[in-house]
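Me: Could you take a close look at the aromatic rings in this one for me? I'd like to know what sits around them, and then how that part fits into the rest of the fold.

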Amino acid sequence: MMFCRAGRISGWVAAATIAIAGIVLPAGADAGMGYAVVPTTIIYPGDTLSGSQLQEVEVTNPNLAGDYAKSISQVEGLVSKRTLLPGRTIDVSALREPYTVTRGSSIRLVVSLGPMTISAAGTPLEDGATGQLIRARNMDSGVIVSGTVLADGTVHVRAK
């Protein structure tokens, strides 16, 4: 095995390293990695996120992985499922849509069978967001039915 002095080869090694880096690394490798949304205050479970509680910061950690929020508009109006700490990125899985109907409130149950539509008063047995399947009790008959929550707060019951 032969070693040579570093002084003699340093010039061409530096040139080769620069050439290889230009070929291997993509053009935007040293560019910014984008932005992440972080809370400015502690946000507790059940709190609705507002723009005044959030801040967009530039991502500088290349090891940051996961599905974190990248813009305030992406998370504004959502509800936190767990405590969010100031300065920490917000995982999208830690957020949910706000509930359209809440357990125990009064709702309207609607069943459509062809051209016929029947509606009745009901109460949801669980919280539900728009598009979610929930159970509800018919206030008149006491029967428990399953249905899909609509955006206006009614529950569309599936016909059996």
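Reply: Let's start with ring-on-ring pairs: the count in this predicted model is 0 aromatic pairs, with ring centres having to lie within 6.5 Å to qualify. What you do get is charge over rings, and two tyrosines show it. At Y68, the charged end of K70 sits over the ring, with 4.3 Å between that end and the ring centre. At Y99, the partner is an arginine: R96 lies over the face of the ring, 3.9 Å from its centre.

Now for the fold around them. You're looking at 2 helices and 9 strands, and going along the sequence they come as α-β-β-α-β-β-β-β-β-β-β. Out of those strands, 5 close into a barrel, ordered β5-β6-β7-β8-β9, with mixed pairing. On average, neighbouring strands in that sheet are turned by 50° against each other, ignoring direction. Where do β5 and β9 come together? Residues 107–113 make up β5 and residues 155–157 make up β9, and the two pair in the parallel sense over 2 bridges. If you want a spot to click on, try L109, whose bridge partner in β9 is V155.

Zooming out to the whole chain, 24% of the 160 residues count as buried. The accessible surface is about 10600 Å², and carbon and sulfur atoms account for 57% of that. As for contacts between residues at least 6 apart in sequence, 43% join residues at least 24 apart.

Note on methods. Residues numbered from 1 in each chain as written. Predicted model: local features only at pLDDT ≥ 70, side-chain atom pairs only at ≥ 80, totals over all residues. Heavy atoms only, no water. Helix = DSSP H or I, 4+ residues; strand = E, 2+ residues; numbered from the N terminus. Buried < 20%, exposed > 50% of the residue type's maximum accessible area, 1.4 Å probe, protein only. Contact = heavy atoms within 4.5 Å. Areas by Shrake-Rupley, 256 points an atom, 1.4 Å probe, with all protein chains shown as cover. Phe/Tyr/Trp six-rings, centres within 6.5 Å; stacked < 30°, edge-to-face > 60°. Lys NZ or Arg CZ within 6 Å of the ring centre and 35° of its normal. Pairing = 2+ DSSP bridges. Axes fitted to C-alpha atoms, helices over the stretch in contact; angles between N-to-C directions.
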